[in-house]
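Hi there,

Here is the structure I promised to pass on. Have a look at it first, and then read on for what turned up.

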Amino acid sequence: MTRPQILVTRATFPETLERLARHFDVQANPDDTIWPTDALARHLQGKQGALTTGSERIDAALLAACPQLKICANMIVGYNNFDVQAMASRGVVGTNTPDVLSETTADFGFALILAAARRLTEGEHFLRRGEWKKPSFYRMFAGAEVHASTLGIIGMGRIGQAIARRGARGFGMTVLYHNRARLDAATEAACGGARYVSKEDLLRGADHVLLVLPYSTATHHTIGAAELALMKPSATLTNIARGGIVDDAALACALRERRIAAAALDVFEGEPAVHPDLLRLPNVVLTPHIASATVATRRAMAELAADNLIAFFEKGRVLTPVTPIAPTTAITPVPSVAGAKENT
Ligand code: 8YV
């Protein structure tokens, strides 16, 4: 029986690779390089499935070069690396890894809010440079209060809600949120009585603004100079969503001029490059896109991506689709497959 051919585009857990190898012929990326599009297309030749990460752009040109591809299973929750329209029109299924990373990512989001407000890395850098020469004085690294302050969350999906619960229950914060759609009353109550407001009211009212919305052309530069100008001079801004949601140059300018107090960024426009002005500023905490990075969560993400590939080829369905499943996704090389069908 012919086994489906699978490409694993970046390094992942050996046990996930071993599991995939029990079901498929697997080609894994041996040295974790990020393949440019032509190399990716070359490696995808003959593959019916791929375990992808945010580093691979799956668009119309790539799909045209790889007509046998049936499924791309992202090992991340965000799927702005997928051209969903192009995939849907070719009947290529896309999946992501929701839920398994929500609480872990929310923990990290909260860590960044605290780090920015309490000037954690600024203080640490000062100490490491050997500049702590006399006992602390009353204004030394005095930051902003987190407990009992107002948290403003833009993007109130699963991760946003997990952060709202932490803020309201753990820190007694008032929670404002802005989202594509208002949540139902029960969910708002479970999020500490989170109050739905316009983006502008949130920016004016929040002491700590957190961004956790998906990236798309519609959300590009959700926070730019005009939005930063609405924020309180004492406020902080944290981005754990995607680079490009914040205009990083405008943010660097606002931080330099102290138009807002501080920021914390886990994601950047054009990452892994970081705007050079941000690197020079003391009042911004910078981390290399690691919000979901615990061993247990990364393993759960890899396993869910593998689950999707296995379910697709062996049962004709997937667990967490982000594309509609078109009838053209019928899988022919594996006789045991029931055929493609609607997913839930
Ligand atoms: C990152 C994420 O991919 O799942 C997502 O959408 O942004 C994260 O899990 C990961 O942190 C990149 O290293």
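Below are some notes on the two domains and on two asparagines.

A word on the basis: this is a predicted model, in which local features need pLDDT of at least 70, side-chain atom pairs count only at pLDDT 80 or more, and totals for chains, interfaces and linings use all residues. Residues are numbered from 1 along each chain as its sequence is written, and side-chain values use heavy atoms, with hydrogens and water left out.

**The two domains**

The domain assignment, whose bounds come from an automatic or database source, splits the chain into domain 1 (5–100 + 294–315) and domain 2 (102–286). Eight residues from domain 1 and five residues from domain 2 take part in the contact (heavy atoms within 4.5 Å). The C-alpha centres of these domains are 31 Å apart.

Together they bury about 580 Å², with 44% of that coming from carbon and sulfur atoms; buried area here is the accessible area (1.4 Å probe) that two parts lose on being put together, summed over both. On the domain 1 side, Asn 80, Asp 99 and Thr 297 provide 63% of the area buried against domain 2, more than any other three residues.

The rule finds one salt bridge across this interface (a side-chain nitrogen of Lys or Arg within 4 Å of a carboxyl oxygen of Asp or Glu). There are also four residue pairs in polar contact between the domains, both residues at pLDDT 80 or more. A polar contact is a pair of N or O atoms within 3.5 Å; within protein, one must be able to donate a hydrogen and the other to accept it, and residues adjacent in sequence count only if both atoms are side-chain atoms.

One salt bridge to look at joins the side chains of Arg 158 and Asp 99, at 2.7 Å from N to O.

**Two asparagines in loops**

Asn 96 sits in the loop between strand 5 (93–95) and helix 5 (102–117); helices (H or I, at least four residues) and strands (E, at least two) are DSSP runs, numbered from the N terminus. With a relative accessibility of 7%, Asn 96 is buried (under 20% relative accessible area, 1.4 Å probe, protein chains only). A polar atom of its side chain lies 2.9 Å from the backbone oxygen of Val 77.

Asn 179 is in the loop between strand 7 (174–178) and helix 8 (185–190). Asn 179 is buried too, at 17%, and its side chain reaches the backbone oxygen of Ala 181 at 2.9 Å. Leaving aside residues up to four places away in sequence, Asn 179 touches Gly 155, Met 156, Gly 157 and Tyr 196.

Best wishes

Note on methods. Buried < 20%, exposed > 50% of the residue type's maximum accessible area, 1.4 Å probe, protein only.
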